[in-house]
Amino acid sequence: MGSLATHFTASLFLVPLGIRRLLCSSSLYLQNPSQYRSKLWYFSNPRWKNLDFYALVIALPIASFAEVFLFLTFSGLPIYRFAFLQRSLVFLFFWVLIVLIVFRENFDHLLIHESLVFVFSAILFVAEYSVIGKGINGLGETLYEWLGGLTLVCAACCLYLSIRPTAFFAEFLLSSGIVFKGTWSLQAGLSLYSDVFSLKGCHQFLTDVVCDLEEDNLRGVTLINLLFVGHAIGVLTTCLVLFGILSSNWNLKYADGTGSLLSELDLLHEIEVE
């Protein structure tokens, strides 16, 4: 179950998060491909540039509490009721992931191994996949199946990065997948919960979108698949264009790629000079 507002909010978090990760990782890779290594989070200086990180620290517990509240107050079918509780746990564990990243960045790096955090991220994406679209039938099931597939792609990328953190293509796919999840989440919200973008011959019934005729249902599935292909082309093109802009503009590349790793290297260089 969901609403246009929840899907729009998810898109509002995921798209900027994926784009920023893509820009920062691409910047570090272009500066020195042979020494590139993926990072759990690309922190930047000054601190206000990490606004997306701070927003997640606040938003994830709020989202988890909201799902628990819905679980306690919802009086519908049990499958929908327990879906709220499951999503609440997923939000909570993603917040735990954020806390682990904070501890690793501010305390001993050896205490929390980077590879283990990537593995934990992959597990969380799989857990998210298990609750996506639970109890949804009709055309909504097709929309959420594609969203679940994107989530599994992100899980596979995290798992691969835990083994080979130098694999930039996995980082590129992870960043693009997060952006794609954001755009497709918005598309799902518009298709399922908006009358303006509803599919012809289909209407919302409880939490599902059903079609009166089989012909309308087939047309709806075909349109959803075409929309997915359109989103895929648009996201891939955007990511490649951004990568191309970074590769041809040194100033932009340096500014967007300034993370904690670069700050540490600059500090060490200054100490050696002194």
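Here a biologist and a modeller talk through a predicted model of one protein chain.

Biologist: I'm new to this one. How many helices and strands does the chain have?

Modeller: The chain has nine helices and two strands. Along the sequence they follow the pattern α-α-α-α-α-α-β-β-α-α-α. Of the 274 residues in the chain, 43% are buried.

Biologist: Asp52 sits in helix H2. Why is Asp52 called buried?

Modeller: Buried means under 20% relative accessible area. Asp52 has 18% relative accessibility, so Asp52 counts as buried. Setting aside residues up to four places away in sequence, Asp52 touches Leu17, Arg20 and Trp41.

Biologist: And Ile58, also in helix H2? What makes Ile58 count as exposed?

Modeller: The cut-off for exposed is over 50%. Ile58 comes out at 54% relative accessibility, so Ile58 is called exposed. Ile58 and Trp95 are 37 residues apart along the chain, and their C-alpha atoms are separated by 8.9 Å.

Biologist: Back to Asp52 and its partners. Which residues make the contact between H1 and H2?

Modeller: Helix H1 covers residues 4-31, and its axis lies 11 Å from that of H2, at an angle of about 145 degrees. The crossing of H1 past H2 is left-handed. On the H1 side the contact is made by Phe13, Leu17 and Arg20, and on the H2 side by Asp52, Ala55, Leu56 and Ala59.

Biologist: What classes of residue are in the contact of H1 with H2?

Modeller: Five are nonpolar, none is polar and two are charged. Arg and Asp count as charged, and Arg20 and Asp52 are both part of this contact.

Biologist: What makes a set of residues a nonpolar core?

Modeller: The residues must be buried, belong to a list that includes Leu, Ile, Phe and Trp, and be joined through side-chain atoms within 4.5 Å. The largest such core here has 28 residues, and Trp41, Phe94, Ile101 and Leu174 have the most contacts inside it. Helices H2, H3, H4, H5 and H6 each give two or more residues to this core. H4 gives the most, with six residues.

Biologist: Which residues does Ile101 touch?

Modeller: Leaving out residues up to four places away in sequence, Ile101 touches Leu40, Trp41, Phe43, Phe53 and Val117. There is also a second, separate core of 27 residues, with Tyr42, Ile132, Leu147 and Phe180 among its members.

Biologist: Let's look at H4 on its own. How do you know that its reach is close to the one expected at 1.5 Å a residue?

Modeller: The expected span is 1.5 Å times one less than the number of residues. H4 has 18 residues, for which 26 Å is expected, and H4 reaches 26 Å from its first C-alpha to its last. The buried residues of H4 include Val117, Phe118, Leu124 and Phe125. After H4 comes Gly133, with a positive phi near 65 degrees.

Biologist: And H7? What does H7 reach from its first C-alpha to its last?

Modeller: H7 runs over residues 214-248, which makes 35 residues, and reaches 51 Å, close to the expected 51 Å. Its buried residues include Ile224, Phe228, His231 and Val235.

Biologist: One last thing. What share of the contacts with a separation of 6 or more comes from residues 24 or more positions apart?

Modeller: The share is 71% in this chain.

Definitions and conventions. Residues numbered from 1 in each chain as written. Predicted model: local features only at pLDDT ≥ 70, side-chain atom pairs only at ≥ 80, totals over all residues. Heavy atoms only, no water. Buried < 20%, exposed > 50% of the residue type's maximum accessible area, 1.4 Å probe, protein only. Helix = DSSP H or I, 4+ residues; strand = E, 2+ residues; numbered from the N terminus. Contact = heavy atoms within 4.5 Å. Axes fitted to C-alpha atoms, helices over the stretch in contact; angles between N-to-C directions. Left-handed = near helix turned anticlockwise from the far one by under 90°.
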